[in-house]
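Thank you all for coming; I would like to walk through one model this morning, beginning with its strands and then turning to its helices and its interior.

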Amino acid sequence: MNVNDIPDADRARFNMVEQQIRPWNVQDERLLQAVFDIPREHFVPPQLRALAFADTELPLIIDGVDTREHMLSPKVESRLIEELHLTASDCVLEIGTGSGYQAALLSRLCQQVTTIEIDSRLAAFSQGNFARNQINNIVQETGDAHAGWGTAEYDAILITGSVPTVPDALKYQLAVGGRLMAIVGHNPIMTACRITRTSAANFETVQIFDTWTKPLRGTARSRFKF
């Protein structure tokens, strides 16, 4: 691809992939293609679209209201998804929909995404983004899922905000062989971890990379609201 022959938004997207995401050990070509195909700028609040490809977290200010939530930086979004090792037949639970962009990426790599958002304003924003981008394999629900959601088991779970520890209830929503990605710890020391359910009662945890992000919001953990 000759980067000089493509429109400005596509050039910025190309640079985001080649300068931010790929150097962060994101090598899954299906995921990289999804990043190229899904317009991140369509999921960013309109007043911030000029920053859609920047290497930074973006505040989710919806209709002038600061929800106190953020989009993760592009490289962290992609790396968390990469480490789930998704297959086309997987069913995925995402906790913390935000703008819907990560769910959109997930939807390209698996059979179905169930995504849960605690903030009704963000739930409406992300639902509109899914509709406008004609994404049909995402189930959007509203509620507090920080300690689990329903009784279904999933092949993969992604938590989009940091947690001090991963609740056992969430671990047990993994099918055997399922993988969960979460950023675990307290400010300023946090680590992205992959938890794999290796049997009915056993789990394996691997620390992947150090990072930092705001805590996941949950009504049962009001001290983490932001």
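Two strands pair if DSSP finds at least two bridges between them, and helices (H or I, at least four residues) and strands (E, at least two) are DSSP runs, numbered from the N terminus. This is a predicted model, in which local features need pLDDT of at least 70 and side-chain atom pairs count only at pLDDT 80 or more, while totals for chains, interfaces and linings use all residues. Residues are numbered from 1 along each chain as its sequence is written, and side-chain values use heavy atoms, with hydrogens and water left out.

Strand β6 (residues 154-163) runs parallel to strand β7 (residues 174-186), joined by six bridges, and serine 162 stands opposite isoleucine 183 in β7. On pairing with strand β8 (residues 189-197), β7 is antiparallel over eight bridges, with arginine 179 partnered by threonine 196 of β8, and a hairpin of two residues connects β7 to β8.

Turning to the interior, the largest nonpolar core, meaning buried Ala, Val, Leu, Ile, Met, Phe, Trp, Tyr and Cys residues joined through side-chain atoms within 4.5 Å, where buried is under 20% relative accessible area with a 1.4 Å probe and protein chains only, has 45 residues, and Val35, Leu80, Ile81, Leu86 and Leu106 have the most contacts inside it. Helix α4 (residues 101-109) gives the most to this core, with six residues.

Leaving aside neighbours within four places in sequence, leucine 86 is in contact (heavy atoms within 4.5 Å) with residues including Arg30, Leu106 and Arg179.

Technical notes. Buried < 20%, exposed > 50% of the residue type's maximum accessible area, 1.4 Å probe, protein only.
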